[in-house]
Amino acid sequence: MDRRFIKFAVWRMCVFALLAWTAGDWGLAGSGDFSIRPLVLSGDPAPGTGGGTFGGIGWFDVNDLGEVVFSAVVENGSTAGGFFLISQESIQPIYLVGEPLPTGETEVSLSDCLINNRGHIVFRSPVAGLYS
């Protein structure tokens with residue numbers, strides 16, 4: 001199987017890597033005890049999306065607490081995608097495409113996202129041209 005590391009982020013002794021398979025499947029995996037385990041894979045249920053599944057994983061970031069924020073495409077759900085948080089091994093939606101931003105506009109595409117050690121999450125809004 002052909003696998004490529006697209007991006008990785010290091011958190012203390014833990015390495016997170018976005019893996020891409022040529023068959024079109026995507027996943028986000030974590031390694032904390034020298035064994036890699038999947039955190040989210042394409043086809044997994046996407047919470048808060050009306051039964052949708054993750055179709056692809058985009059940008060991600062990790063803070064010093066091991067919390068991971070990532071962007072993802074959602075298939076067969078009530079939204080086209082969004083930003084999600086993995087904290088204490090549970091996945092929660094942070095923002096779903098189509099929800100209003102503080103500016104009143106709605107996100108139309110997914111871009112980069114960041115999380116700090118206080119759990120504050122920011123992401124770029126191409127619609128508003130700024131971070132939300």
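Asn76 has a positive phi near 55° and sits in the hairpin of β6 and β7, where five residues lie between the strands. This is a predicted model, so a word on confidence comes further down. The two strands of that hairpin run antiparallel and are joined by six bridges. One of the pairings to look for is Val69 with Leu85, its bridge partner in β7.

Step back along the chain and you meet another hairpin, that of β5 and β6. There, too, five residues lie between the strands, and Gly66 takes a positive phi near 85°. β5 and β6 run antiparallel and share seven bridges. Val62 has Val68 in β6 as its bridge partner. As for β6 itself, six of its eight residues are buried, so the strand is largely enclosed by the rest of the structure.

**Glu67, in the loop**

Is Glu67 buried or exposed? Glu67 belongs to the loop between β5 and β6, and its relative accessible area is 16%, so it counts as buried. Its side chain makes a polar contact of 2.7 Å with the side chain of Asn63. Another polar contact, at 3.3 Å, joins the side chains of Glu67 and Ser87. Leaving out residues up to four places away in sequence, Glu67 touches Asp61, Val62, Leu85, Ile86, Ser87, Ile115 and Gly119.

**The cores**

The largest nonpolar core has 15 residues, and those with the most contacts inside it are Leu28, Val40, Phe54, Val68, Phe70, Phe84 and Ile86. Which elements give two or more residues to this core? They are β4 (36–41), β5 (53–62), β6 (68–75) and β7 (81–87). Apart from this core lies another one of eight residues, including Val69, Phe83, Ile115 and Phe123.

Ile86 is a good place to start looking around the 15-residue core. Not counting residues up to four places away in sequence, Ile86 touches Leu28, Leu39, Val40, Gly66, Glu67, Val68, Phe70 and Ile91. So Glu67, the loop residue, turns up among the contacts of Ile86.

**Aromatic pairs**

The count of aromatic pairs comes to five. Here are two of them.

| Pair | Geometry | Centre to centre | Between the planes |
|---|---|---|---|
| Phe54 and Phe84 | edge-to-face | 4.9 Å | 85° |
| Phe83 and Phe123 | stacked | 4.4 Å | 25° |

The Phe54 and Phe84 pair links distant parts of the chain, with Phe54 in β5 and Phe84 in β7, 30 residues apart. Both of these rings belong to buried residues. Ring pairs also bring in Phe70, giving a cluster of Phe54, Phe70 and Phe84.

What does the pair of Phe83 and Phe123 tie together? Phe83 is in β7 and Phe123 is in β10 (residues 121–125), so the pair connects parts that are 40 residues apart in sequence. Phe83 and Phe123 are both buried.

**Cys113**

Cys113 is placed in strand β9 (residues 113–115). With 0% relative accessibility, Cys113 counts as buried. Its C-alpha atom is separated by 6.4 Å from that of Phe60, although their positions lie 53 residues apart along the chain as a sequence separation. Which residues is Cys113 in contact with, leaving aside its neighbours within four places in sequence? They are Trp59, Phe60, Asp61, Val69, Phe70, Ser71, Phe83, Val122 and Phe123. Val69, Phe83 and Phe123 in that list are also among the residues of the eight-residue core.

**How far to trust it**

The protein chain has a mean pLDDT of 77, with 65% of its residues at 70 or more. Confidence is highest in strand β8 (residues 90–96), at a mean of 94, and lowest in strand β11 (residues 130–131), at 48. Two stretches deserve care. Over residues 1–6 the pLDDT stays under 50, and the model has 16 contacts beyond four places in sequence for them. Residues 128–132 are also below 50, with 14 contacts in the model beyond near neighbours in sequence. Where pLDDT is low, the predicted coordinates should not be read in detail.

Definitions and conventions: Residues are numbered from 1 along each chain as its sequence is written. This is a predicted model: local features need pLDDT of at least 70, side-chain atom pairs count only at pLDDT 80 or more; totals for chains, interfaces and linings use all residues. Side-chain values use heavy atoms; hydrogens and water are left out. A nonpolar core is a set of buried Ala, Val, Leu, Ile, Met, Phe, Trp, Tyr and Cys residues joined through side-chain atoms within 4.5 Å. Buried means under 20% relative accessible area, exposed over 50%, partly exposed in between (1.4 Å probe, protein chains only). Helices (H or I, at least four residues) and strands (E, at least two) are DSSP runs, numbered from the N terminus. Contact means heavy atoms within 4.5 Å. Rings of Phe, Tyr and Trp (its six-membered ring) pair if their centres lie within 6.5 Å; planes under 30 degrees apart count as stacked, over 60 as edge-to-face and the rest as tilted. pLDDT is the predictor's confidence in each residue, from 0 to 100. A polar contact is a pair of N or O atoms within 3.5 Å; within protein, one must be able to donate a hydrogen and the other to accept it, and residues adjacent in sequence count only if both atoms are side-chain atoms. Two strands pair if DSSP finds at least two bridges between them.
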